[in-house]
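Please open the model in a viewer and keep the sequence panel beside it. The tour below proceeds by selection, and each stop states what is found there.

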Amino acid sequence: MAVAVESYLAARPRWIRWHEWLRGRRYTLASFPDRSRPLVIVAHSFRDAARGRQIALAVEQDWMAAPARCHEAYEEILRRGPGIIIIQLRRKNICGCLGHRHLVMKEAPFAEPHDAFGGAQVGEMDIAYERVEGWLASPLMDTALDTQFMAGSRLQEFHARQLRLRLLSVLLHETHHMVFSQEQEDTVRERSLGFYRDALANYVENARATLSLTIDRSFSRFGRD
Ligand SMILES: [Zn+2]
């Protein structure tokens, strides 16, 4: 479907594409490697290309690295959810929320059904990147992990992974709302925070296992020593 959508975007009239390009609008596509749907399309400004890429990485890599129970928790939601999910990437939201689902499609190229979508339903949400960056998803756990990683490249790598897992949990959270619109916020949040915690703990556990085989000073505070 990603190929069909890309050729649809490229085949639109030249003036529309030029207008979009001059406005600075760009699209970054990402697919879950283990499932045929949904296709995630990040709509962002050209200035936010690197930020859009983080969401794509979360979908393409971090999802796969998450443990099986994380996948199971969202199996039904992803299966029943829209075949195409548009994420309008913003830096901030006036209301201060991390993200919202949209009831009305706002992203022009996807607002009307098209053959390229293969009959897939299209859902849309926004994510406020800087809000997610500053969000203390799981304050006690986050701080506890931070002290283990000390400084240096390992800490940077950990923070980058942590941010991508937050972005992924917001994406899953809003998709959950789309599919089960009657579900209470508490229930929806519990699941997305559970995903975040499990996926992050799994990453730390693996990092620790790999590093016990190598000498790395940045990990000297790991374990008992
Ligand atoms: Zn919610």
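**Starting point: a bridge in strand 5**

Select R101 and M125: M125, in strand 5, is the bridge partner of R101. Please bear in mind throughout that this is a predicted model. The bridge belongs to the pairing of strand 4 with strand 5, which runs in the antiparallel sense over 4 bridges. Add G99 to the selection, and I127 of strand 5 is found opposite it.

**Strand 5**

Now select residues 122-128, the whole of strand 5. How many of the 7 residues of strand 5 are buried? The count is 7 of 7, so the strand is largely enclosed by the rest of the structure. Display the side-chain directions next. In a regular strand, side chains alternate between the two faces of the sheet. In strand 5, V122, E124, D126 and A128 point one way, while G123, M125 and I127 point the other, and all of them are buried. The buried set thus includes E124 and D126 on one side.

**Strand 3**

Move to residues 84-90, which form strand 3. Of its 7 residues, 5 are buried, so this strand too is largely enclosed by the rest of the structure. Strand 3 pairs with strand 5 in the parallel sense over 7 bridges. Two of the bridge pairs may be picked out: I85 with G123, and R90 with A128. Strand 3 also pairs with strand 2 (residues 39-45), again in the parallel sense, over 5 bridges. Select V42 here; I87 in strand 3 stands opposite.

**The whole sheet**

Show the 5 strands together. In what order do they form the open sheet? The order is 1-2-3-5-4, and the pairing is mixed. Strand 1 (25-31) and strand 4 (99-102) stand at the edges with a single partner strand each, so one side of each is left without a neighbour in the sheet. On average, neighbouring strands are turned by 25 degrees against each other, direction ignored.

Add helix 1 (residues 2-11), which packs on the sheet and touches strand 1 and strand 2. The direction of helix 1 makes about 165 degrees with that of strand 1. Helix 3 also packs on the sheet, touching strand 1, strand 2 and strand 3, and its direction makes about 15 degrees with that of strand 1.

**Helix 3**

Remain with helix 3 and select residues 49-65. Its 17 residues reach 23 Å from first C-alpha to last, close to the 24 Å expected at 1.5 Å a residue. Centre the view on A58, where helix 3 bends by about 40 degrees. A58 is also one of the buried residues of this helix, the others being R51, G52, Q54, I55, V59 and W63.

**The nonpolar core**

Select I87 and I127, the residues with the most contacts inside the largest nonpolar core, which has 38 residues. Two or more residues of this core come from each of strand 2, helix 3, helix 4 (68-80), strand 3, strand 5, helix 5 (129-134), helix 7 (153-179) and helix 8 (185-211). Helix 7 gives the largest share, 6 residues.

Which residues does I87 touch, leaving aside those up to four places away in sequence? They are V40, V42, A43, I55, M125, I127 and L171.

**H176 in helix 7**

Proceed to H176, which is found in helix 7. H176 is buried, with 24 other C-beta atoms within 10 Å. Beyond residues up to four places away in sequence, H176 touches I77, E183, V188, R191 and S192. Add Y74 as well: it lies 102 residues from H176 along the chain, yet their C-alpha atoms are separated by 8.1 Å.

**A cis peptide bond**

Return to the loop between strand 1 and strand 2 and select P38. A cis peptide bond joins R37 and P38, with omega of about -5 degrees.

**The complete chain**

Finally, display everything. The chain has 8 helices and 5 strands, and along the sequence they follow the pattern α-α-β-β-α-α-β-β-β-α-α-α-α. Buried residues make up 28% of its 225 residues. Among contacts with a separation of 6 or more, 78% join residues 24 or more positions apart.

Terms used
Residues numbered from 1 in each chain as written. Predicted model: local features only at pLDDT ≥ 70, side-chain atom pairs only at ≥ 80, totals over all residues. Buried ≥ 20, exposed ≤ 12 C-beta atoms within 10 Å, placed from the backbone. Pairing = 2+ DSSP bridges. Contact = placed C-beta atoms within 7 Å. Core = buried A, V, L, I, M, F, W, Y, C linked by C-beta atoms within 7 Å. Axes fitted to C-alpha atoms, helices over the stretch in contact; angles between N-to-C directions. Expected span 1.5 Å × (residues − 1). Bend = angle between axes of the 7 residues up to and from the residue.
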